[in-house]
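Colleague: I am new to this structure and would like a close look at a single part of it. Please take me through one strand and its partners, and then through the cysteines.

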Amino acid sequence: MARRPGEAGPSLVVLDFDGTLADSFAWFCSVLNGVADRYRFRRVEAHEVDALRLQGARAIVAHLGIPRWKLPFIARHMHALAARDAAQITLFSGVPAMLAGVQEAGVPLAILSSNRADTVRRVLGPENAGRIDAYACGASLFGKAQRLRALLTRRGVPPERALCIGDEVRDFEAARALGCPFGAVAWGYTDAGALAALGPDHLFAEPAEITGLLRGPEQA
């Protein structure tokens with residue numbers, strides 16, 4: 001999946017965190033029903049999980065019966081739980097090597113996440129965190145497009161020169177809202193088939209494929 005000769009690579013790779021770099025889905029499921037009881041929305045039964053992984057965040061919020069005004073409070077509580085449990089959350093196999101490979105290819109890296117920056121850095125660990133050139137964390141559930149716009153402006157990168165990579169429909173929507181190419185990962189929260197149906201520019205089966213795309217032909 002290396003670039004073709006003469007094909008320019010991106011000037012910035014913007015990575016989602018949970019479900020893209022961090023294997024946090026099992027943790028998320030383990031705390032979700034406690035949060036549901038606290039904020040009085042529908043619990044998720046085990047048999048519902050696969051069906052919900054086919055949906056985008058808006059459909060899931062509607063299914064759970066969560067009013068929009070509660071979302072900031074729920075998100076703040078979930079982020080506090082993630083900070084508390086950061087030691088239980090690990091990176092996907094192959095992610096550290098992918099981050100190192102992208103850095104070696106000379107492509108700057110950024111993280112765009114709804115999670116807190118301190119939690120992101122703790123899960124990454126010092127070496128991996130040091131490979132990230134910019135952090136745009138703390139985005140609201142449906143506020144990634146605004147954070148992405150601000151990130152690109154701050155870095156001086158035109159949208160068409162940024163490759164956004166994520167595992168959810170809302171990651172795709174944020175990239176498309178700004179005109180950024182989007183790469184979907186097959187190992188995250190949203191079902192890979194549902195992401196493929198959106199027509200992303202790339203669909204990565206494993207982290208090493210991201211490195212392969214970003215290497216020039218002379219590095220492949």
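**Strand β1 and the cysteines**

Modeller: At 4% relative accessibility, Cys164 counts as buried, and I shall return to this residue after describing the strand, keeping in mind throughout that the model is a predicted one.

Strand β1 covers residues 12–15, and its side chains point in two opposite ways, with Leu12 and Val14 on one side and Val13 and Leu15 on the other, while all of these residues are buried. This strand has a parallel partner in β6, which spans residues 162–166 and is joined to β1 by four bridges; within that pairing, the residue of β6 that stands opposite Val13 is Leu163. Strand β1 also runs parallel to β4, made up of residues 109–112, and three bridges join these two strands, with Val14 having Ala110 of β4 as its bridge partner.

Turning to the cysteines, a search of the whole structure finds zero disulfides. A disulfide is a covalent bond between the sulfur atoms of two cysteines. For Cys164, the closest cysteine sulfur belongs to Cys180 and lies 4.1 Å away, which is too far for a bond, because a disulfide here requires the two sulfur atoms to be within 2.5 Å. Seen from the other side, the sulfur of Cys180 has that of Cys164 as its closest cysteine sulfur, again at 4.1 Å and too far for a bond. Cys180, with 1% relative accessibility, counts as buried, and Cys164 counts as buried as well, so neither residue reaches the 20% relative accessible area under which a residue is called buried.

Definitions and conventions: Residues are numbered from 1 along each chain as its sequence is written. This is a predicted model: local features need pLDDT of at least 70, side-chain atom pairs count only at pLDDT 80 or more; totals for chains, interfaces and linings use all residues. Side-chain values use heavy atoms; hydrogens and water are left out. Buried means under 20% relative accessible area, exposed over 50%, partly exposed in between (1.4 Å probe, protein chains only). Two strands pair if DSSP finds at least two bridges between them.
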